[in-house]
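The following exercises, each with a worked solution, introduce a protein structure step by step. Please keep the structure in view while working through them.

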Amino acid sequence: MRQQHQHIYNENGVCEICSQTEKVYRQADAADLLTKKAAKNAHAHPHEDSNEHNHDHEHADDDVHDHDHSHEVGGSLFKLFLPSIISLVLLLLGLFFDHFWKMDWFTGYVRLVWYLAAYIPVGLPVLKDAVKSIRKGNFFSEFFLMGIATLGAFGIAEYPEAVAVMLFYAVGESFQTLAVSRAKSNIKKLLDQRPDEATIIRDSKTQTIKATDVQIGDIVQLKPGEKLGLDGILISDAASFNTAALTGESKPDTKNKGEHVLAGMINLQSVAQVEVNTAYADSKLSKILELVQHASSQKAPTELFISKFARIYTPIVVFLAIGICFFPYFFVADYVFQDWLYRALIFLVVSCPCALVISIPLGYFGGIGAASRHGILVKGGNFLDVLAGLKHVVMDKTGTMTEGVFKVQEVNLKDQVALPDLMDYVNLLESKSTHPVATAIHEYVGEIKEQLPLQNIEEIAGHGLRGEINSKEFLVGNFKLLDKYKVAYPINPADIAYTTIAIAYDGQYQGYITIADTIKADAKATINKLHNLGVKATMLSGDKETVVKHVAKELRIDQAFGDLLPEDKVNHFKAIKANDQVVAFVGDGVNDAPVVALSDVGIAMGGLGSDATIETADVVIQDDKPMKIPVAIQIGKKTKTIVWQNIGFAFGVKAIVLILGAGGLATMWEAVFADVGVALLAILNAVRIQRSNFNSDHD
């Protein structure tokens with residue numbers, strides 16, 4: 001059933017968006033991108049000014065993805081165009097009777113009624129929408145402009161042109177609806193990744209139930225080729241999954257028993273069993289869908305300007321049209337009311353700002369869709385604008401440009417350590433940290449012995465960990481931690497090339513462990529690509545200065561600073577931002593929250609498994625490939641280029657035809673092109689971004 005047409009008005013009763021834009025989006029089943037509910041449920045982000053950045057997010061509790069994808073366009077394409085087809089047939093017959101086969105009866109009221117019959121299928125819906133808009137206080141809507149222009153043409157007996165204007169307007173609106181529908185199709189592919197049903201095992205029997213009815217703890221059975229509907233833990237020994245819907249990468253991802261698997265993944269080979277650990281509405285994919293669905297509520301400055309401009313521009317043009325009709329009476333000797341009314345009507349037809357108000361948000365929406373296809377979540381058009389203007393990318397090291405998978409290289413302890421089972425204590429203390437170093441030590445030492453008398457454990461930001469053993473102080477961290485607690489050591493840490501973990505017990509140095517990380521395969525190509533885009537790169541890390549400098553030299557990063565505490569990162573970032581207009585920070589989105597808050601756009605790497613990352617960052621790269629950073633910048637630049645092409649083209653053509661119309665040199669046919677034609681071309685240009693190929697391979 002067709003949805004009842006409604007408008008969106010602010011608290012003052014003024015229409016907040018182009019009336020035709022809303023109608024087109026509703027017909028394309030994209031109304032959720034324009035409604036207040038979408039804005040309300042969106043991840044609230046006060047980044048309207050990219051220079052003032054607050055990363056607080058609010059989430060609606062009741063925001064669950066609706067799987068009702070039925071819409072008018074997909075339901076009946078013929079029905080969408082039927083009124084235009086009827087109108088076109090009657091118009092062509094009327095023109096035939098007027099110019100080629102003149103009939104005596106085709107005159108007077110008969111001719112008027114004939115063209116009215118041609119006008120009603122396409123004109124009546126527009127007139128109804130105009131009345132609704134006026135009742136709501138939106139007097140100068142596109143429907144009102146087209147209505148008075150065409151009724152005025154009937155008033156001066158220009159019947160065929162009146163029908164033609166409304167016909168082409170209706171055809172243009174239908175094609176715009178199709179364009180918006182196509183723009184949404186990329187997102188719909190993502191939206192449709194979750195199956196509506198799941199096969200679960202209960203009482204040793206399999207049964208198929210709705211995915212929304214699956215409970216935490218249920219065992220889901222996945223056959224080869226089936227999609228997982230909920231997050232869970234793999235309880236089969238191993239399984240291979242296609243994660244393209246989540247990461248944009250088609251390369252299979254093999255998971256082992258006990259590892260997390262996410263909704264949207266497709267089982268590739270043998271039957272797999274997954275124990276559900278997250279409700280359907282709380283899965284990672286649900287959060288991603290929420291972001292993508294509501295990303296358009298975060299308006300780019302260009303969108304905001306055009307919306308405000310249209311509200312001022314349209315009334316001005318209406319009053320200018322009135323002036324064109326009546327003012328010449330006082331200045332022109334042979335003034336003919338009908339001629340000047342015709343010029344004013346042309347002026348009105350041309351004045352509709354639909355090309356701008358529809359194609360610009362569609363351009364940003366297309367950019368968001370293109371990014372999601374590459375496994376990049378952009379939380380709004382405003383961040384596409386920021387990405388397009390990036391001058392400097394500041395990045396963390398561990399997990400961003402390196403794998404974040406550490407391995408112990410050397411254990412160098414004193415000849416006689418003061419604590420028996422020292423490495424077991426180190427393993428137990430490090431197990432209380434989420435740092436990748438803890439995993440490396442655990443893999444090296446083995447089983448964690450929880451029964452050891454280790455107490456009062458605390459993590460000291462930027463330094464390491466502290467605990468107590470039999471009321472004696474136990475320290476594991478970098479050498480700055482030993483400096484902080486005034487523990488002397490007989491070596492120079494700068495002489496050690498790898499990441500170093502120092503150990504002290506009871507105020508005495510006990511030795512150190514060296515750990516090495518691996519640079520990501522596409523990290524060097526990423527930096528080269530950034531340089532080709534004219535973007536500088538700086539690395540800020542809490543890791544050892546020597547390690548950071550080594551990685552930076554290998555990757556040809558412009559600047560690198562190591563041994564940084566969180567406050568040191570903030571100070572360095574402020575210094576960088578003072579010299580560059582637009583700066584991004586790339587990290588894990590959690591540990592570097594102060595720096596993310598200062599950045600113009602925060603980019604999270606490998607955010608697929610982290611709720612906090614998805615919520616904190618403005619751009620989430622769903623796999624951990626740094627090459628997606630320049631891809632995101634390219635998408636931002638392409639989007640901005642297309643948006644400004646549309647603005648320039650629409651303004652240029654409209655200005656020319658407005659001047660010609662006022663001077664009596666343009667007809668209604670030129671006016672139709674300036675309105676509907678320009679809108680169609682601008683929309684087709686906006687859709688083009690979704691066909692663009694942003695190469696994320698190594699260059």
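**Exercise 1. Which residue of strand 17 does K407 stand opposite?**

Solution. The model examined here is a predicted one. Step one is to locate the strands: strand 12 covers residues 407-413, and strand 17 covers residues 508-516. Step two is to establish their direction, which is antiparallel, with 6 bridges joining strand 12 to strand 17. Step three gives the residue sought: K407 stands opposite A516.

**Exercise 2. Describe the pairing of strand 16 with strand 17, and the cover of strand 17.**

Solution. Strand 16, formed by residues 499-505, pairs with strand 17 over 7 bridges in the antiparallel sense. Next, consider the individual partners: Q508 in strand 17 is the bridge partner of Y505. The hairpin that these strands form has 2 residues between them, and D506 takes a positive phi near 55 degrees there. Finally, count the covered positions: 8 of the 9 residues of strand 17 are buried, and the strand is thus mostly covered.

**Exercise 3. How far apart are the closest N and O atoms of R111 and D98, and are these residues buried or exposed?**

Solution. The search of the whole structure yields 11 salt bridges. In one of them, R111 and D98 bring their closest N and O atoms to 3.0 Å from each other. The pair connects distant parts of the chain, since R111 belongs to helix 5 (residues 108-135) and D98 to helix 4 (residues 77-99), 13 residues apart. As to cover, both R111 and D98 are buried.

**Exercise 4. Locate the partners of the salt bridge between E450 and K432, and classify the accessibility of K432.**

Solution. The side chains of E450 and K432 meet at 3.4 Å, N to O. E450 is found in the loop between helix 15 (436-445) and strand 13 (454-460), whereas K432 is found in the loop between helix 14 (422-430) and helix 15. The two are 18 residues apart and link distant parts of the chain. K432 has a relative accessibility of 40%, and therefore counts as partly exposed.

**Exercise 5. Where do K549 and E545 lie, and how many residues apart are they?**

Solution. Both residues lie in helix 18 (residues 545-555), and they are 4 residues apart, about one turn of the helix. In an α-helix there are 3.6 residues a turn, so residues three or four places apart point the same way. K549 forms a salt bridge with E545, with 3.6 Å between the closest N and O atoms. K549 is partly exposed because its relative accessibility is 40%. E545 is also partly exposed, with a relative accessible area of 27%. Elsewhere, salt bridges with shared partners join E458, R466, E468 and E473 into one network.

**Exercise 6. Compare the expected and actual span of helix 23, and find where the helix is kinked.**

Solution. Helix 23 comprises the 20 residues 668-687, which at 1.5 Å a residue should span 28 Å. Its end C-alpha atoms are 28 Å apart, so the two values agree. A kink of about 30 degrees is centred on G677. Of the 20 residues in helix 23, 14 are buried.

**Exercise 7. Which elements of the chain have the lowest and the highest mean pLDDT?**

Solution. Begin with the chain, whose mean pLDDT is 77, with 78% of its residues reaching 70 or more. Helix 2 (residues 36-41) has the lowest mean among the elements, 37, and helix 17 (residues 523-532) has the highest, 93. Residues 1-18 have a pLDDT below 50. Over residues 35-75 pLDDT likewise stays under 50, and the model has 95 contacts beyond four places in sequence for this stretch.

Definitions and conventions:
Residues numbered from 1 in each chain as written. Predicted model: local features only at pLDDT ≥ 70, side-chain atom pairs only at ≥ 80, totals over all residues. Heavy atoms only, no water. Buried < 20%, exposed > 50% of the residue type's maximum accessible area, 1.4 Å probe, protein only. Pairing = 2+ DSSP bridges. Salt bridge = Lys/Arg side-chain N within 4 Å of Asp/Glu carboxyl O. pLDDT = per-residue confidence, 0-100. Contact = heavy atoms within 4.5 Å. Expected span 1.5 Å × (residues − 1). Bend = angle between axes of the 7 residues up to and from the residue.
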